Structures are given as C-alpha cells and as structure tokens.
Amino acid sequence: MRLSPARVSAHTVDRLGRCATALSTLGTLRLTGALLGLVFLTWFPVVSSSYQIDFMRDTLLFGVFALSLDLIWGRMGLLSFGQAIFFGLGGYTLGILATHSGEASYLELLAAIAVPAAFALIAGYFLIFGRVRGAYFAIVTLALSLVLMQLAISWRSVTGGDQGILGVPQLRLPLPGFTLEFTSSMSLYYAALVAAVVTFAITRFLASGQFGLVLSAIRDDEDRARFFGYNTSVYIVLALAVSGAIAGLAGALYTAATTYIAPDLLGPVLSTEVVVWVAVGGRGSLLGAFLGTLIVRLLEEVVSSQLIGSWPFFIGMFFLLMVFVFPRGIAHVLDGLLRLLAGRAARLSPKGAPVHE
Amino acid sequence: VLADTLTQVLNAASLISLLILIALGLGVILGLMGVINLAHGELVTIGAYVLIVATNLQLPFAVGLIAAFPAGALVGALIERGMIHFLYRRPLDTILATYGLSLILQQGIQYVFGPAPREANDPFGTAVNVLGAYYPTYRLFIIACGIVATALALYMFLRTDFGLTVRAIFQNREMAAALGINTDRMNMIAFALGSGLAALAGVLVAPMVNVTPFMGTQYLATAFFAVLVGGAGSLLGVVGGSTFIGGLQTLIGTFAAQTFAQASVLGLAIVLIRFRPTGLFKGKV
C-alpha cells in the first residue's frame with residue numbers, strides 16, 4: 001500500500017493545499033539560494049587564508065553530521081542525544097584501521113561508514129523494538145555516548161586512551177590512471193564540499209520520496225502510520241542506520257582531514273552541540289542543518305576568543321532559547337524572507353511553512 | 001576470601017544507597033509528571049557543595065548534612081516553578097530545556113567555586129571491624145542513611161495522605177484533579193522533595209570523591225538506568241532497579257575496570273529494555 005499525502009495527516013494536507021500556489025516560486029527561490037551558496041562555497045578557498053579554509057572544511061563536515069541528525073530528528077521526530085556516537089565510531093574506525101594498514105583508502109572509508117551503521121542497526125533494534133521513544137530514547141542515547149567515550153578513554157591499547165589517535169594517515173583514493181591524494185588544505189576542503197553535496201542529495205532524495213513520507217507520517221503520528229500497515233519500527237531502525245552511516249562518513253573524513261581522533265568526538269559535548277546546530281538551522285530543514293552549523297560555529301569562534309571557557313554556558317542558553325524563543329530556527333526566518341521576495345506573503349497563513357515541514 | 005566478599009557486598013550496598021536517593025527523586029518526578037529532569041545531577045553537585053561551604057565555614061558535617069535537603073528542595077521548587085511548569089506535555093522540550101539548565105548550573109557553580117576539585121573530610125575517619133573485614137565507618141553511615149531515607153519515602157508513599165494523593169495522580173491525573181486534588185501544587189512539592197533527596201545524596205558522596213562542578217552527570221546517567229530498568233513511576237521499581245544496577249556494577253567492577261563495568265551494565269540495561277519494556281520490577285507501588 002502506498003501512502004498518499006492524505007493519509008499522512010489532515011494537517012499536512014491543509015498546509016500543502018494552502019501553499020501549493022506559492023510553492024513553485026518559493027521552490028525556485030530556494031533552489032537559487034542553494035545554488036548561490038554552492039557557487040560561493042566553491043569559490044571560497046580561492047580568496048581565503050588556510051585557517052579560514054580549514055574552518056570552513058570542518059564546518060562542512062560538521063554540517064554533514066548535523067544533516068544526519070536532522071534526518072531522524074527533524075524529519076522523523078526521534079531525537080538522538082548521542083549522535084556523536086556515530087561520528088566518533090566513524091572516526092575511530094578509520095583511525096584504527098588506517099594506522100594499522102598504513103593507509104586510508106576505500107576499504108577503511110567503507111568500514112568507517114559500515115561500523116556506525118551496524119551499531120545503529122543493533123542499538124536501534126533493541127531500543128526501537130523495545131518501544132523506547134521520545135524522551136527515553138534521547139536519554140538512553142546520551143548515556144550511550146557518555147559510556148562509549150569513557151570506554152574510548154580507558155581502552156588504551158586500541159584507542160590510544162585520553163590522547164586518542166594522532167597521525168592518522170591521510171586519505172588516498174586510487175582511481176584508474178591516477179590517485180586522488182587528500183593532503184593539501186585545498187583538496188581536503190573540496191573533499192568535504194563534495195561529501196556535503198552528495199550526502200545532502202541522498203538525504204534530500206530519501207526525505208522527499210516514499211521513504212520520507214513514511215518518516216513524516218511517523219513524526220506526525222506513529223500509531224496512525226502503524227494502522228495503515230507500515231511496520232514503523234523497521235522504518236525507524238532503517239532511518240537510524242542511514243543516519244549512522246552519514247554521521248560515520250562525516251567522522252571519518254574529519255579524522256582523515258585533521259589526522260587525529262579523540263574520545264570527546266564520541267562524547268556528550270559533541271552529541272548535544274549538534275542538537276543546537278540543527279535547532280538553530282531549523283529542525284527538518286536539510287539546508288538549515290548546514291546554515292545552523294555555520295552560524296553557531298562562527299559564534300563559537302567569537303565567544304571562545306573573548307571569554308575563554310564560557311562556551312558551554314552559551315550552549316546551555318541556546319537550549320533554553322530553542323525551547324522558549326525560536327523553536328523553528330533560522331530556516332523558518334529565511335523562508336519568510338523568501339516568501340516576501342516571492343510576493344506571496346499575504347496569501348499564506350502566518351504559520352504556513354511548506355515543504356520543509 | 002570471606003572478608004573480601006563482605007567488603008564487596010558493603011561497597012555495593014553503599015553505592016545502592018546513594019543510587020536509591022538519587023533515583024527516587026528522578027523516578028517520582030518521571031512517574032508523577034512524565035518529566036525527565038536532566039538537571040537532576042546538578043542537584044547532587046549542589047548538595048556536595050553545600051558540604052564544601054559548611055566545611056569552609058568550619059561548621060561540623062552534620063550542619064551540611066541537614067542543610068543540603070532544604071537547599072536542594074528550594075532549588076528544585078524554583079526549577080519547577082520557573083521552567084518545568086511551562087513544559088508539561090512537551091517531554092522532548094523538557095529534555096532540551098533541562099539539559100540547557102544543567103549546563104548553565106555547571107558553569108554557574110564553576111564560576112563561583114572554581115574548576116579545581118574540592119575535597120571534603122570524612123567526618124568519622126575511622127574503620128570498624130565487620131566480621132573480620134575493616135570497613136570505613138563512613139560508608140556504613142551512608143548505608144544506614146540510604147535505608148532510613150528509603151524507609152521514610154516508602155512510609156510516606158504508602159501510609160500518609162500525601163502518599164495517597166501522589167499515588168492517585170500517578171494512576172490518573174485528570175481524575176485526581178477532578179476529585180479536588182491540587183495537582184499543580186503537588187507537582188511542585190514532589191519536585192522539591194525529589195531534588196532535596198538528590199542534594200542529600202550529594203552531601204553523602206562528597207567525602208568519598210573529588211567534588212567538581214561536573215560530578216553530577218555520572219550519577220544522573222546511572223540513576224536514570226536504575227529507574228528505566230526498575231520501571232518508571234514505581235517506588236519499589238526504583239529500589240529494585242537501583243539494587244540491580246548498583247549490585248551488577250560492583251560485581252563486574254571486581255574483575256574489570258570501572259568503565260567496562262559501567263559500559264556492560266548499560267549494554268545489559270538496553271537489552272533488558274527490549275524484552276521488558278515496562279521494567280523488571282513494575283509493581284503497584
């Protein structure tokens with residue numbers, strides 16, 4: 001049975017109907033904005049210092065990481081408070097394998113995607129089929145993240161303990177005829193950009209198709225989706241695995257780029273920071289995941305240089321703000337501006353936020 | 001060998017006592033309001049710093065012990081009125097907001113007391129001979145406190161009007177409200193009491209560990225699993241869950257590193273949830 005929009009929820013249909021007229025213009029504007037952003041990002045390293053290039057590269061990779069959370073939290077409504085588990089597992093898998101084999105190539109990269117995905121499948125099986133949802137899922141994943149970080153600290157022989165693994169070999173991808181070497185700042189930046197575009201396209205494809213429709217249905221009302229014959233638990237676990245794979249890729253590339261991986265990249269701090277990135281960008285808006293990451297990281301640069309050690313306080317404030325002040329994030333504000341540009345603002349209800357919802 | 005075993009059992013008992021104190025508040029708040037308070041760990045920290053302040057003022061241990069409960073209860077009541085109160089029926093937002101609050105509290109405590117670990121003195125500083133094993137008096141005192149607090153909580157829950165009211169809300173909030181119970185006020189009281197217990201646990205644990213602004217997180221995670229394994233919203237569940245988690249952690253900790261013990265307990269708890277989603281000890285009380 002296919003899920004028609006009418007079955008998702010009356011609410012969604014109502015919105016879709018209201019927005020249909022404005023949709024084409026808005027969609028075009030959004031696409032234009034995204035393309036302009038892409039042109040800017042492609043051109044960015046030409047005019048920037050190597051520090052700025054590295055900053056932007058990390059932001060892109062963390063943006064991919066935020067995207068992985070946005071898929072399950074924004075689209076499916078399941079908040080993982082331990083998303084760094086997947087990022088860190090990807091990084092550690094690549095780091096450990098590459099250090100042993102002496103090179104980071106296809107095999108290592110694939111493993112770094114497969115291990116977190118497998119972890120997501122296994123943990124997801126026990127938790128999701130054990131009917132752990134909502135707040136409980138958030139806490140259990142947070143605790144998992146904490147415990148895995150402590151394991152990484154104490155399991156010195158494999159993970160390098162507190163220090164982590166330093167001097168991870170950089171990525172070399174042999175192609176017929178030549179080899180792609182990711183050693184320079186520039187090449188690493190473009191690798192991150194390509195990863196961002198590819199994962200965005202994949203997520204976008206998943207979120208807009210049949211699969212994505214079921215995820216939205218689960219977010220709106222899981223029981224209802226189940227009544228229509230969907231095995232929602234299977235969908236949730238699959239979405240978790242995809243999310244784990246994407247986060248693992250981000251972690252692996254981050255490790256290959258910075259040549260190190262440390263326990264805090266598995267831990268609660270990164271796990272909760274990514275929640276802020278997604279929330280600031282706007283839950284459910286896939287481009288917003290990147291925007292939020294950029295904005296918060298820029299702010300972190302400023303704050304950390306002015307008030308050393310006070311960043312966690314600001315993260316705490318962000319959490320309060322996202323609950324009490326701006327639950328819908330930047331993407332919502334930008335959409336409002338775009339709609340004004342489209343000249344259709346008056347026709348839309350003030351609450352209408354099409355497509356991304 | 002007997003002495004070693006006995007020491008381990010006592011170690012487990014003192015850990016379980018602390019866990020129960022922390023998990024009781026967490027479990028009652030969860031059962032009563034469906035709220036998971038991620039700042040609950042910071043109430044443990046606040047309790048520990050109450051003792052540090054008392055020590056700095058040259059006051060005896062007992063003053064810190066007595067002051068912690070009202071201090072924690074006051075902070076708890078403020079949190080409930082100022083934040084949780086606006087977030088009922090929004091469990092995910094409560095998680096986000098209380099997590100933010102816990103970060104802010106940690107930073108606040110660090111701002112006031114500094115990041116360096118503090119130490120509180122063991123008020124007894126002696127060991128007693130328990131069937132051939134020398135065991136710190138203080139840990140026995142913790143076990144006694146745990147037993148007394150649990151007995152008091154159970155008594156309150158089962159034998160007083162207050163407990164009856166709480167149980168009524170546990171079962172059916174709307175019906176309880178319809179019968180004239182001021183559920184709003186009960187929320188605040190329960191939150192304050194649970195917070196007070198966490199602060200009490202903080203005072204008790206302080207002489208045995210390094211007191212830092214971030215010490216609460218660890219206890220929160222373990223206590224939460226005790227609640228989850230035991231079954232939310234049941235006092236006996238909390239006690240059973242704490243015993244299970246604390247006992248297992250001590251047991252595994254005797255032949256493996258503490259972090260491995262913690263990880264395996266967590267892993268086991270996750271597997272258990274799959275097969276017993278409502279908890280191991282889900283009972284009527």
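Here are some friendly questions and answers about this predicted model.

Q: Is V47(A) buried or exposed?
A: Let's begin by finding the residue: V47(A) sits in the loop between α2 (10-43) and α3 (50-75) of chain A. A residue counts as exposed when its relative accessible area is over 50%. The value for V47(A) is 52%, so V47(A) is exposed.

Q: Which residues form a nonpolar patch on the surface with V47(A), and what is their accessible area together?
A: V47(A), which is exposed, has company in this patch. Its partners there are F40(A), W43(A) and V46(A), and the four residues together have an accessible area of about 410 Å².

Q: How many salt bridges does the structure hold over all chains?
A: A salt bridge joins a side-chain nitrogen of Lys or Arg to a carboxyl oxygen of Asp or Glu within 4 Å. One of them links D58(A) with R57(A). Over all chains, the number of salt bridges is 11.

Q: Are the salt-bridge partners D58(A) and R57(A) buried or exposed?
A: The closest N and O atoms of this pair are 3.0 Å apart. Buried means a relative accessible area under 20%. D58(A) has 12%, so D58(A) is buried. R57(A) has 5%, so R57(A) also counts as buried.

Q: What is the distance between the closest N and O atoms of R224(A) and D221(A)?
A: Both partners fall in the class between buried and exposed: R224(A) is partly exposed at 37%, and D221(A) is partly exposed at 30%. They form a salt bridge, with the closest N and O atoms at a distance of 3.9 Å.

Q: Why are E222(A) and R226(A) separated by about one helical turn?
A: The side chains of E222(A) and R226(A) meet in a salt bridge, 3.5 Å from N to O. E222(A) counts as buried at 16%, while R226(A) is partly exposed at 40%. Both lie in helix α10 (residues 222-227) of chain A, and they are separated by about one helical turn because they are 4 residues apart.

Q: Which residues are linked with E222(A) and R226(A) in a network of salt bridges?
A: The E222(A) and R226(A) side chains meet in a salt bridge. That pair belongs to a network whose other members are R133(A) and D223(A).

Q: Is α2(B) parallel, perpendicular or oblique to α8(B)?
A: The axes of helix α2 (residues 40-56) of chain B and helix α8 (residues 183-205) of chain B come within 6 Å and cross at roughly 50°. That angle makes α2(B) oblique to α8(B).

Q: Is the crossing of α2(B) and α8(B) left-handed or right-handed?
A: These are the helices whose axes cross at roughly 50°. As α2(B) passes α8(B), the crossing is right-handed.

How values were computed. Residues are numbered from 1 along each chain as its sequence is written. Chains are lettered from A and ligands numbered from 1 in the order in which they are written. This is a predicted model: local features need pLDDT of at least 70, side-chain atom pairs count only at pLDDT 80 or more; totals for chains, interfaces and linings use all residues. Side-chain values use heavy atoms; hydrogens and water are left out. Patches are made of residues with over 30% relative accessible area and no salt bridge: like charges are joined within 9 Å, nonpolar side chains (Val, Leu, Ile, Met, Phe, Trp, Tyr) within 5 Å. Accessible areas come from the Shrake-Rupley method with a 1.4 Å probe; for residues, only the protein chains shown count as cover. Helices (H or I, at least four residues) and strands (E, at least two) are DSSP runs, numbered from the N terminus. Buried means under 20% relative accessible area, exposed over 50%, partly exposed in between (1.4 Å probe, protein chains only). Axes are lines fitted to C-alpha atoms, for helices over the stretch in contact, and angles run from 0 to 180 degrees between N-to-C directions. Angles under 35 degrees count as roughly parallel, over 145 as roughly antiparallel, 65 to 115 as roughly perpendicular and the rest as oblique. A crossing is left-handed if the near helix is turned anticlockwise from the far one by less than a right angle, and right-handed if clockwise.
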